[in-house]
Amino acid sequence: MQHQLQELRTEALQKIQNCKSQAELLETEKAYLGKTGSLQEILKSVKDLSADKKPVIGKLSNEVKKELEAEIELQKQTLKKLEIEAKLNSEFLDVTLPGQKPEIGHLHLIPQTQKEVEEIFAELGFAVMDGPEVESEYYNFEALNIPDTHPARDMQDTFFLDNKLDDEHGRMVLRTHTSPVQIRSMLTHGAPLRIIAPGRVFRYEATDASHDAIFHQVEGLLIDENISLAHLKGVMAEFLTRLFGQKVKVRFRPGYFPFVEPGLELDFSCLLCNGGGCRVCKQSGWVEFMGAGMVHPNVLKAGGIDSEKYQGWAFGFGLTRLVMMKHKITDIRYLMNGDLRFINQF
Ligand code: DAH
């Protein structure tokens, strides 16, 4: 029996060492050490041996078992190492290859232009203010001298929200213009004041080539002592000249907005025909640009400013329209629909 065990040991060790894969190794392990394996068969017959042989054979079988187990573990590691080496040899990695260039995005045309506008006004001494897009009826209308029953409310179609801030401020609306920032700025900073407020506004209206329910505006407000419309004319002519990089003239026409008195419309000289008249300016030589006027005393009052001591002007223009004019974009819908074929041209 001793001899039999020695033979099994030699044979098994050799088989283990010859295994070429983990699967083959597992098979071999089963064949020798498994429940019905050869070593187990031998162990089963130990009980029939004589008392003096039993301990000798028992001890030897355990030694053989341990040795085979150790050899199997060793072969397992060896095979693993070989597998990794084979993988490394078959997969070549050239670390000197240039990396993949990441795509770098850029600002959309609207914020691009907004930034230009902000920079010019900042150079002229204006601070840039922000306000909420969801406003109260009070800031959007009442405080701007547009009372509930005033027909001027019909000028701006509004998205109303179901919730109410409180009784004083009324319902919540998606702001229809950036003018509420005038009130908020007056209340926080008082006079004198020199601000612009660019931002998104919302109107409940049908979309076509020149109207969208979402667009961008820039509000302006200057309040100080001894301020007149002459200052507005000077500031706007300078702003437009810097923005377009060519001499631009402006003119006033009478206009009506509840938050200003007198109210006016400002046009600038057509850049295409230099005032001579063309299709873009409908042969007038002028392009309609924005609403403006001297801030109404009621608005100053709502902003907590002494209208006896201070006065000022305000204006509001469509940033979206300005972008369209500057880049000769014929349909407003291109600007907000996120089509990369359009966006990547700028
Ligand atoms: N809020 C006006 C609108 O959206 C634009 C405007 C007109 C703003 C006259 C002003 C202003 O500040 O004085 O139609």
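A residue is called buried here when its relative accessible area is under 20%, and in this predicted model that criterion picks out a particular set of residues in helix H7, which spans residues 180-189. The buried residues of H7 are Pro-180, Val-181, Gln-182, Ile-183, Ser-185 and Met-186. Their cover is drawn from several parts of the chain, including strand S2 (134-136), helix H6 (137-140), strand S5 (193-202), strand S6 (214-224), helix H9 (297-302) and strand S10 (311-318). After the helix comes Gly-190, whose phi is positive, near 65 degrees.

Gln-182, one of the buried residues of H7, also leads to the ligand, since an N or O atom in the Gln-182 side chain is 3.1 Å from a ligand oxygen atom. Two further polar approaches can be followed from here: a polar side-chain atom of Glu-219 lies 2.6 Å from an oxygen atom of the ligand, while Phe-315 contributes a backbone N or O atom that lies 3.3 Å from a ligand oxygen atom. On its own the ligand has 350 Å² of accessible area, and the protein covers 92% of that area.

The wider shell around the ligand consists of 16 residues, of which the closest are His-177, Ser-179, Arg-203, Gln-217 and Glu-219. Strands S6, S9 (286-295) and S10 each supply at least two residues of this shell, and S6 and S10 are also among the elements that cover the buried residues of H7. By residue type, the shell divides into six nonpolar, eight polar and two charged residues.

Terms used: Residues numbered from 1 in each chain as written. Predicted model: local features only at pLDDT ≥ 70, side-chain atom pairs only at ≥ 80, totals over all residues. Heavy atoms only, no water. Buried < 20%, exposed > 50% of the residue type's maximum accessible area, 1.4 Å probe, protein only. Helix = DSSP H or I, 4+ residues; strand = E, 2+ residues; numbered from the N terminus. Contact = heavy atoms within 4.5 Å. Near = heavy atom within 4 Å. Polar contact = N/O pair within 3.5 Å; in protein donor to acceptor, adjacent residues only side chain to side chain. Areas by Shrake-Rupley, 256 points an atom, 1.4 Å probe, with all protein chains shown as cover. Nonpolar A, V, L, I, M, F, W, Y, C, P; charged D, E, K, R; others polar.
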